[in-house]
Amino acid sequence: MKFLDKYFKQPDALTIAKKELANAHKSFLESKTHTEYYTALAEFESVRIKRLEQYIKDLEKKNDSK
């Protein structure tokens, strides 16, 4: 029956704290990844907006000169 103790025994505080720390590291890295992704996405959209605004401005100038 002693071999079953490791499966049913409550983990000690140190084991719980280590698991929680590992989960916190994982969560932090996931958050950093999301931050990097959305920062890049926002930059992409910013460049896209500027490009489209310039395109529209150029077309309007071209149409006004006709």
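**Exercise 1. Place Ala13 in the chain and state whether Ala13 is buried or exposed.**

Step 1. Ala13 belongs to helix H2, which covers residues 13–64. Helices are DSSP runs of H or I with at least four residues, strands are runs of E with at least two, and both are numbered from the N terminus. The model is predicted: local features need pLDDT of at least 70, side-chain atom pairs count only at pLDDT 80 or more, and totals for chains, interfaces and linings use all residues. Residues are numbered from 1 along each chain as its sequence is written, and side-chain values use heavy atoms, with hydrogens and water left out.

Step 2. Buried means under 20% relative accessible area, exposed over 50%, and partly exposed in between (1.4 Å probe, protein chains only). Ala13 has a relative accessible area of 62%, so Ala13 is exposed.

Step 3. Tyr55 is 42 residues from Ala13 along the chain, and their C-alpha atoms are separated by 62 Å.

**Exercise 2. Find the partner of Glu45 in a salt bridge and describe the pair.**

Step 1. A salt bridge needs a side-chain nitrogen of Lys or Arg within 4 Å of a carboxyl oxygen of Asp or Glu. By this rule the count is one.

Step 2. The partner of Glu45 is Arg48, and the closest N and O atoms are 3.0 Å apart.

Step 3. Glu45 and Arg48 are three residues apart in helix H2, so about one helical turn separates them.

Step 4. Glu45 is partly exposed because its relative accessibility is 29%. Arg48 has 37% and therefore also counts as partly exposed.

**Exercise 3. Classify Arg51 by its relative accessibility.**

Step 1. Arg51 is in helix H2.

Step 2. The relative accessibility of Arg51 is 52%, so Arg51 counts as exposed.

Step 3. Between the C-alpha atoms of Arg51 and Glu30, 21 residues apart along the chain, the separation is 32 Å.

**Exercise 4. Describe the protein chain as a whole and explain why it is more spread out than a compact globule.**

Step 1. The protein chain has two helices and zero strands.

Step 2. Its radius of gyration is 28 Å, well over the 11 Å that the globule rule gives for 66 residues, so the chain is more spread out than a compact globule. The radius is taken over C-alpha atoms, and the rule is 2.2 Å times the number of residues to the power 0.38.

Step 3. The C-alpha trace spans about 95 × 20 × 10 Å along its principal axes.

Step 4. Of the 66 residues, 0% count as buried.
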